[in-house]
Amino acid sequence: MPARTQPSEPTPTDTAMMRRALELAATAATAGEVPVGAVVYRGEQVIAEAHNQREEADDPAGHAELLALRAAAKLLGSWRLDGCTLAVTLEPCPMCAGAMLNARLPRLVYGATDPKMGAVHTLYQLLSDARFNHRVEVIPGVLADECGEVLRRFFRARRS
């Protein structure tokens with residue numbers, strides 16, 4: 001799959017799924033987790049969804065993206081997430097980007113960029129790296145202001 005030079009525009013479904021991911025992020029914040037939500041969908045059908053659960057599960061890999069990818073694979077009965085899209089409120093880290101490559105995820109939609117761990121555009125470009133045998137179509141910045149505000153509010157409250 002050739003790397004895309006221009007990202008596609010988000011579809012109405014992409015935006016709706018990001019709104020659902022924002023709801024999941026709010027649930028994470030209420031539970032004391034960093035507010036990140038993720039939804040795996042195919043067409044308009046939600047396959048799996050999750051929010052961060054690192055604190056609750058004492059799991060360093062308890063990122064919303066990984067939890068949603070695992071749940072989707074289990075439900076679909078395949079580690080290959082053909083035809084699926086992942087919407088997540090924060091740009092994925094290297095671990096989560098690697099899982100997307102390994103799952104052969106065709107599309108990623110994300111909200112806010114992550115200047116500290118972003119592995120899609122900000123610090124690294126893992127999903128478009130031609131050295132890998134798979135690349136992911138990426139639609140960045142969907143509801144970015146709302147996604148970023150959820151995180152800013154959470155960390156402001158923790159510092160107070």
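**Helix H1, strand E1 and an aromatic pair**

In the predicted model, Gly32 adopts a positive phi of about 85° just after helix H1. Helix H1 itself comprises 19 residues (residues 12-30), for which a rise of 1.5 Å a residue gives an expected span of 27 Å. The C-alpha atoms at its ends are 28 Å apart, in agreement with that expectation. Buried positions in H1 are Thr13, Asp14, Met17, Met18, Ala21, Leu22, Leu24, Ala25 and Ala28. The elements covering these buried residues include the strands E1 (37-42), E2 (45-51), E3 (85-90) and E4 (107-112), together with helix H5 (144-159).

Strand E1 is largely enclosed by the rest of the structure, because five of its six residues are buried. E1 and E2 run antiparallel and are joined by six bridges; within this pairing, Arg42 stands opposite Gln45 of E2. Two residues lie between the strands of the E1 and E2 hairpin, where Gly43 takes a positive phi near 65°. Strand E1 is also antiparallel to E3, to which four bridges join it. Ala38 has Val88 of E3 as its bridge partner.

A search of the whole structure for aromatic pairs yielded one. This pair consists of Phe154 and Phe155, in an edge-to-face arrangement with 5.1 Å centre to centre and 80° between the planes. The angle exceeds the 60 degrees over which a pair counts as edge-to-face. Phe154 has a relative accessible area of 10% and is therefore buried, the cut-off being under 20%. Phe155, at 34% relative accessibility, is partly exposed.

Key: Residues numbered from 1 in each chain as written. Predicted model: local features only at pLDDT ≥ 70, side-chain atom pairs only at ≥ 80, totals over all residues. Heavy atoms only, no water. Phe/Tyr/Trp six-rings, centres within 6.5 Å; stacked < 30°, edge-to-face > 60°. Buried < 20%, exposed > 50% of the residue type's maximum accessible area, 1.4 Å probe, protein only. Expected span 1.5 Å × (residues − 1). Contact = heavy atoms within 4.5 Å. Pairing = 2+ DSSP bridges.
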